[in-house]
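Got the viewer open? Keep the selection box handy, and we'll go from stop to stop.

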Amino acid sequence: MALESLPISHPSRVYLSIGPVLALGALIPTPSLPPLILLLAVLRLQASTVIPRRDWKAVTAQVALVSLATSAVHAAASLHALSTPSTSLLVLAVLSVITSSIAAGSLAVGYYTERAEQTQWARAALFPATWATTWAAVEHLSPIGQLATWSPVVNLGGYSWLRPVGGQVAINWVVAAWAVIIADVAGAWMMGPNSDGEVGAGDGGSLVNGGTLLDHPMPPARSAVSPRTHRTLVMAGFLLALAVPSYVISERPPPVSAADVTPLGVACAMPYSQRNGEATGSPSLKDYVAESRTLQSQAKVILWPESAVHFNQPGERKDAFEKIRPQIANGTYYGIGFEEVVHSDSADGVWKVGMRRNGLVLLGWEGVVYEYYKRHLVPIAESFSMTPSNEKPSLFTMQLSHPKSWTAPKWAPGPNFTRPIDITASICLDFTTASSFSELISRPALILAPARTWHPSIGLAMWEQAKARAEEAGSMVLWCDGGAGGVSGIAGRGMHAFRQVGPGSWAQTVSVPWPFDQRRTVFSTSGTLISLVGVWAIAGVGWMAGSAAGRVDDREGSAGRTLATLTGTAHRAVEFVRSFGHRERRGEEQRLLD
């Protein structure tokens with residue numbers, strides 16, 4: 001039996017073996033673009049095989065196996081996410097089944113909508129739009145946003161430039177489009193030539209009239225390339241062309257010594273109390289203040305991790321900040337992550353006495369200049385004990401004075417001779433939604449991101465989510481993860497790698513373009529909804545292209561039939577003339593004999 005015939009003769013065995021294996025590599029906490037494309041292509045081939053046969057047992061089995069594979073690669077990270085391992089694994093299993101079922105439903109919807117269309121172009125364009133829409137809806141409805149979805153965040157290759165243009169919607173569309181192409185190529189390989197039912201051009205096309213063949217066959221009226229092959233080649237060419245800008249646009253950050261940049265020192269304050277390599281306890285408020293005082297000679301913005309300190313008593317937070325404030329150098333700000341109990345009702349009615357909230361403040365020598373509270377809480381682990389905020393991030397403009405190597409007039413125009421640096425913030429799980437910074441009126445130069453994750457793979461997954469949000473906003477993110485095995489660093493504007501793993505303070509100077517372009521990116525301005533309109537507009541173009549090609553084919557077919565009719569009529573006329581002449585000659589010969 002030939003290898004290419006196995007998926008046709010034994011579809012259950014083949015697809016139920018390949019699907020879970022690919023899921024083990026594709027559905028990890030940080031999904032990668034190439035494995036996810038391969039998995040989706042295989043599942044698309046399976047859908048085209050089992051759905052016409054109504055083999056729902058195979059569909060159910062595949063959902064179960066892919067869910068099992070997803071649970072296996074997430075098990076280590078989820079084991080201690082909740083109060084007990086059994087509860088954590090149960091929640092993980094349910095979440096894996098839900099996401100796998102959503103993916104299967106999207107494939108089924110794609111199959112039936114394609115069958116309703118008559119043209120190859122419409123069929124090819126519908127599934128990518130359906131797939132991108134499905135995961136955009138999941139992100140909007142899920143309490144954990146893009147986590148645990150079938151959306152790639154690493155190894156985007158030439159498509160990373162799409163993030164500030166179309167966000168994750170554009171990336172998901174690319175995944176599905178490549179899956180369509182690979183599935184088409186694999187399907188043609190399995191079915192053999194002319195598998196799509198298109199008639200080749202080499203059949204001759206001789207006209208027949210009463211059993212008499214014309215001496216010269218008609219030239220082919222159709223191209224030797226089938227519509228499906230033509231569609232696949234054009235789609236592949238379009239996707240390859242879509243990757244070109246990433247190799248033209250430079251992502252390298254400019255040097256901090258350049259004349260057209262503002263050097264900005266930033267730092268993560270993560271003190272590590274230890275003896276002989278063993279942690280001696282969690283850092284105290286005093287430890288964080290002492291570490292920050294050391295770092296402020298190198299950095300203007302010093303960020304503490306999420307929930308670095310806790311305030312439980314009335315007035316405790318205010319008193320602590322009053323003690324810290326005089327120790328902060330002029331022009332330097334501490335980004336303090338904290339948890340606190342609310343002791344008085346807020347004027348807007350959001351906060352009530354007794355509520356617990358997770359927040360961040362920017363504290364300078366002049367006092368608190370910025371305040372933000374976490375909007376997306378970790379389900380069960382945080383959602384039962386804390387209250388989320390409903391206020392989106394805002395902007396704080398820091399006025400950066402000139403360094404010693406510059407004179408004030410050369411550094412910035414008067415009267416203040418300072419350069420503005422716009423800063424915003426979000427906290428950990430807030431970065432899993434693409435709409436995190438949709439309400440900002442301008443592009444931020446720096447995004448503060450305190451975090452506290454519980455496992456290295458979760459820390460890496462959240463780092464990638466923060467990096468994605470920074471790239472969508474055209475900004476930089478300062479990520480400080482105080483969790484065990486968490487990663488910390490700066491991402492965005494050409495910076496991709498994290499700086500360190502685990503606790504330990506660090507400082508780094510980054511380059512902010514000067515003058516800074518405050519215009520928001522295309523995606524920040526338009527958002528997910530407009531990106532979805534864009535992918536469905538592409539589907540509409542595909543439908544129109546298919547309709548136009550169909551009309552051209554109809555006209556070519558009509559012209560071919562007309563030419564055949566005229567040729568046949570001419571042939572019959574010639575035969576009639578010949579037979580008439582033959583009868584005339586026979587009549588003359590008969591008279592001569594008489």
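Start by selecting L448. Leaving aside residues up to four places away in sequence, L448 touches V301, L303, L360, L362, I423, T424, A425, S426, F431 and L478, where a contact means heavy atoms within 4.5 Å. Before going further, note that this is a predicted model, in which local features need pLDDT of at least 70 and side-chain atom pairs count only at pLDDT 80 or more, while totals for chains, interfaces and linings use all residues. Residues are numbered from 1 along each chain as its sequence is written, and side-chain values use heavy atoms, with hydrogens and water left out.

**The cores**

Keep L448 on screen and add L264, M398, L446, L478 and W479: of the 54 residues in the largest nonpolar core, these six touch the most other members. Such a core is a set of buried Ala, Val, Leu, Ile, Met, Phe, Trp, Tyr and Cys residues joined through side-chain atoms within 4.5 Å. Buried means under 20% relative accessible area, exposed over 50%, and partly exposed in between (1.4 Å probe, protein chains only). Which element gives this core its largest share? That is α13, with 6 residues. Now select L43, W121, W135 and A179, which are among the 48 residues of a second, separate core.

**The open sheet**

Switch to cartoon view. The protein chain has 14 helices and 17 strands; these are DSSP runs numbered from the N terminus, helices being H or I of at least four residues and strands E of at least two. Colour β11 through β16: these 6 strands form an open sheet in the order β11-β12-β13-β14-β15-β16, with mixed pairing. Two strands count as paired if DSSP finds at least two bridges between them. At the edges stand β11 (396-400) and β16 (500-501), each with a single partner strand, so one side of each has no neighbour in the sheet.

Zoom in on β13 (residues 446-451) and β14 (residues 477-481), which run parallel and are joined by 5 bridges. Pick I447 and you'll find its bridge partner in β14, V477. Helix α13 (residues 456-473) packs on the sheet here, touching β13, β14 and β15 (487-491), and its direction makes about 15 degrees with that of β15. (Axes are lines fitted to C-alpha atoms, for helices over the stretch in contact, and angles run from 0 to 180 degrees between N-to-C directions.)

**A hairpin**

Next, select β9 (residues 356-364) and β10 (residues 367-373). They run antiparallel, with 6 bridges between them, and a hairpin joins β9 to β10 through 2 residues. Look for L363, which stands opposite V368 in β10.

**Rings**

Show the aromatic side chains. There are 17 aromatic pairs in the structure; rings of Phe, Tyr and Trp (its six-membered ring) pair if their centres lie within 6.5 Å, with planes under 30 degrees apart called stacked, over 60 edge-to-face and the rest tilted. Try Y288 and W304, a stacked pair at 5.0 Å centre to centre, with 25 degrees between the planes. Y288 sits in helix α10 (residues 285-295) and W304 in the loop between β6 (301-303) and β7 (309-311), 16 residues apart. Buried or exposed? Both Y288 and W304 are buried.

Then go to F311 and F321, an edge-to-face pair at 5.8 Å centre to centre, with 90 degrees between the planes. F311 is in strand β7 and F321 in helix α11 (residues 316-324), 10 residues apart. F311 is buried at a relative accessible area of 3%, and F321 is buried too, at 6%. Add F338, W351 and Y373 to see the one aromatic cluster they form with F311 and F321.

While on W351, bring up R357, which lies over its face at 4.9 Å from the ring centre. A charge sits over a ring if NZ of Lys or CZ of Arg is within 6 Å of the ring centre and within 35 degrees of the ring normal. R419 lies over the face of W411 in the same sense, at 3.7 Å from the ring centre.

**Backbone stops**

Finish with the backbone. The peptide bond from G414 to P415 is cis, with omega near 10 degrees, and P415 lies in the loop between α12 (408-411) and β12 (419-425). F417 lies in the loop between α12 and β12 as well; its phi is near 55 degrees, a positive value in a residue other than glycine. Last, select W514 and P515, joined by a cis peptide bond with omega about -5 degrees; P515 is in the loop between β17 (506-513) and α14 (522-593).
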